[in-house]
Amino acid sequence: WEIAEALRRRVEFQRLNLVCEWGGLPMMGVVLLRNVLAHVDATTERQLLMRIRCFMRPGGMLLLGEAESLRDPSGDFEAVTRDGAIYYRFRATE
């Protein structure tokens with residue numbers, strides 16, 4: 001994938017080790033977590049989602065891999081279907 005220069009200047013890309021502390025991250029409007037949740041158990045998924053929620057803007061989108069879905073009992077994320085793909089919108093409880 002290649003991102004147009006005009007958009008690239010407005011976006012901050014970072015790699016993140018999911019098991020380490022996440023200090024210093026900005027509030028995010030989009031989180032790409034492709035092909036991660038399919039490889040973790042329900043407890044680890046819940047922990048990751050709790051951390052992600054701390055850094056997500058209200059209405060922000062969580063994008064997963066094609067074969068993934070959330071086991072999110074908290075209801076903080078709602079499924080949104082667009083063009084056959086499923087995304088998850090963060091519903092802030094503020």
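Which residue in E2 stands opposite Val31? In this predicted model, the residue facing Val31 is Leu62 in E2. The two strands involved are E1, covering residues 28–33, and E2, covering residues 56–64; they run parallel and are joined by 5 bridges. To get from E1 to E2, the chain passes through helix H2 (residues 42–55), and the resulting β-α-β crossover is right-handed.

Strand E2 also carries a proline, Pro58. With a relative accessible area of 53%, Pro58 counts as exposed, because the cut-off for that class is over 50%. Pro58 and Met27 sit 31 residues apart along the chain, and their C-alpha atoms are separated by 9.6 Å.

Turning to the interior, the largest nonpolar core is made up of 16 residues. Leu62, the partner of Val31 across the strands, is among the residues with the most contacts inside this core, together with Ile52, Leu64, Leu70 and Phe77. Elements giving two or more residues to the core are E1, H2, E2 and strand E4 (85–90). The helix of the crossover, H2, supplies the largest share, 4 residues. In soluble globular proteins, nonpolar side chains tend to be buried together.

Leu70 is worth a look of its own. Leaving aside residues up to four places away in sequence, Leu70 touches Leu37, Glu45, Leu49, Leu62, Leu64, Phe77 and Tyr88. Three of the names on that list, Leu62, Leu64 and Phe77, are also among the core residues with the most contacts.

What about the aromatic rings? A search of the whole structure turns up 1 aromatic pair. The partners are Trp22 and Phe55, in a tilted arrangement with 6.2 Å from centre to centre and 40° between the planes. This pair ties together distant parts of the chain: Trp22 belongs to the loop between helix H1 (5–8) and E1, whereas Phe55 belongs to helix H2, 33 residues apart. Trp22 has a relative accessible area of 6%, so it counts as buried. Phe55, at 17%, is buried too, because the limit for that class is under 20%.

The cysteines make for a short story, as the structure holds 0 disulfides. Cys20 is partly exposed, with a relative accessible area of 38%. Cys54, on the other hand, reaches 55% relative accessibility and therefore counts as exposed.

Terms used: Residues numbered from 1 in each chain as written. Predicted model: local features only at pLDDT ≥ 70, side-chain atom pairs only at ≥ 80, totals over all residues. Heavy atoms only, no water. Pairing = 2+ DSSP bridges. Right-handed = clockwise from strand over helix to strand, strands pointing away. Buried < 20%, exposed > 50% of the residue type's maximum accessible area, 1.4 Å probe, protein only. Disulfide = S-S within 2.5 Å. Core = buried A, V, L, I, M, F, W, Y, C linked by side-chain atoms within 4.5 Å. Contact = heavy atoms within 4.5 Å. Phe/Tyr/Trp six-rings, centres within 6.5 Å; stacked < 30°, edge-to-face > 60°.
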